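Here's a quick briefing to read alongside the viewer. Have the sequence open too, and follow along topic by topic.

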Amino acid sequence: MAENKCGKCIACCKYTMIQIPKPKTKGDYSDILWYLYHENTNVMVERKSGKWQVISYNRCKNLDDKIGCKNIQ
Ligand code: SF4
């Protein structure tokens, strides 16, 4: 039986994060503005690496509040 990795910390099951290229053009910044128009969405730049990321705060459909990941039970 697979270990339930959601048992203790389910933080990563409540968002998705996708790396995007560092914006250079007016169009790139327009795209970022469009991301930010969406609810529960942020754009983040990691301080150390300088990597740009879009974060969408949405629960995974497999996440159950009582048992954790239904996909790993
Ligand atoms: S599939 Fe399971 S472990 Fe993966 S994000 Fe969803 S709830 Fe979490």
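Which residue in strand 3 does Gln19 stand opposite? That would be Gln53. Bear in mind that this is a predicted model. The protein has one helix and five strands, and from the N terminus on they run β-α-β-β-β-β.

**The big picture**
- Burial is scarce here: of the 73 residues in the protein, 1% count as buried.
- Take the contacts between residues at least 6 apart in sequence: 59% of them join residues at least 24 apart.

**The sheet**
- Three strands make up an open sheet, in the order 1-3-2, and the pairing is antiparallel.
- Strand 1 and strand 2 (41-45) sit at the edges with a single partner strand each, so each has one side without a neighbour in the sheet.
- Going from one strand to the next, the twist averages 25°.
- In general, strands of a sheet pair through backbone hydrogen bonds, and they can do that parallel or antiparallel.

**Strand 1 against strand 3**
- Strand 1 covers residues 16-20 and strand 3 covers residues 52-56; the two run antiparallel and are joined by five bridges.
- Besides the Gln19 and Gln53 pair, you can look for Met17, whose bridge partner in strand 3 is Ile55.
- Strand 1 is hardly covered, with a count of zero buried residues among its five.

**Strand 2 against strand 3**
- Five bridges also link strand 2 to strand 3, and these two run antiparallel as well.
- Val43 has Val54 as its bridge partner in strand 3, while Val45 has Trp52.
- Helix 1 (residues 26-37) packs on the sheet, where it touches strand 2 and strand 3, and its direction makes about 135° with that of strand 2.
- Strand 2 and strand 3 form a hairpin with six residues between the strands.

**The helix on its own**
- Is helix 1 largely in the open or mostly buried? It lies largely in the open, because the number of buried residues among its twelve is zero.
- Its length checks out: at 1.5 Å a residue, the twelve residues of helix 1 should span 16 Å, and the end C-alpha atoms are 17 Å apart, which agrees.
- For reading any α-helix, remember that there are 3.6 residues a turn, so residues three or four places apart point the same way.

**Backbone spots to check**
- Most residues other than glycine have a negative phi.
- Asn40 is not a glycine, yet its phi is positive, near 60°.
- You'll find Asn40 in the loop between helix 1 and strand 2.
- Why does Asn40 count as exposed? The reason is its 9 C-beta neighbours inside 10 Å, as the cut-off for exposed is 12 or fewer.
- Gly50, in the loop between strand 2 and strand 3, takes a positive phi near 75°.
- Gly50 is exposed too, with 8 other C-beta atoms within 10 Å.

**Far in sequence, but how far in space?**
- Gly50 and Lys22 are 28 residues apart in sequence, and their C-alpha atoms are 8.3 Å apart.
- Cys12 and Tyr57 are 45 residues apart along the chain, and their C-alpha atoms are separated by 9.7 Å.
- Where does Cys12 lie? Look in the segment before strand 1.
- Cys12 counts as exposed, with 11 other C-beta atoms within 10 Å.

Methods:
Residues are numbered from 1 along each chain as its sequence is written. This is a predicted model: local features need pLDDT of at least 70, side-chain atom pairs count only at pLDDT 80 or more; totals for chains, interfaces and linings use all residues. Helices (H or I, at least four residues) and strands (E, at least two) are DSSP runs, numbered from the N terminus. A residue is buried if 20 or more other C-beta atoms lie within 10 Å of its own, exposed if 12 or fewer, and partly exposed in between; C-beta atoms are placed from the backbone. Two residues are in contact if their C-beta atoms, placed from the backbone, lie within 7 Å. Two strands pair if DSSP finds at least two bridges between them. Axes are lines fitted to C-alpha atoms, for helices over the stretch in contact, and angles run from 0 to 180 degrees between N-to-C directions. The expected span of a helix is 1.5 Å times one less than its number of residues.
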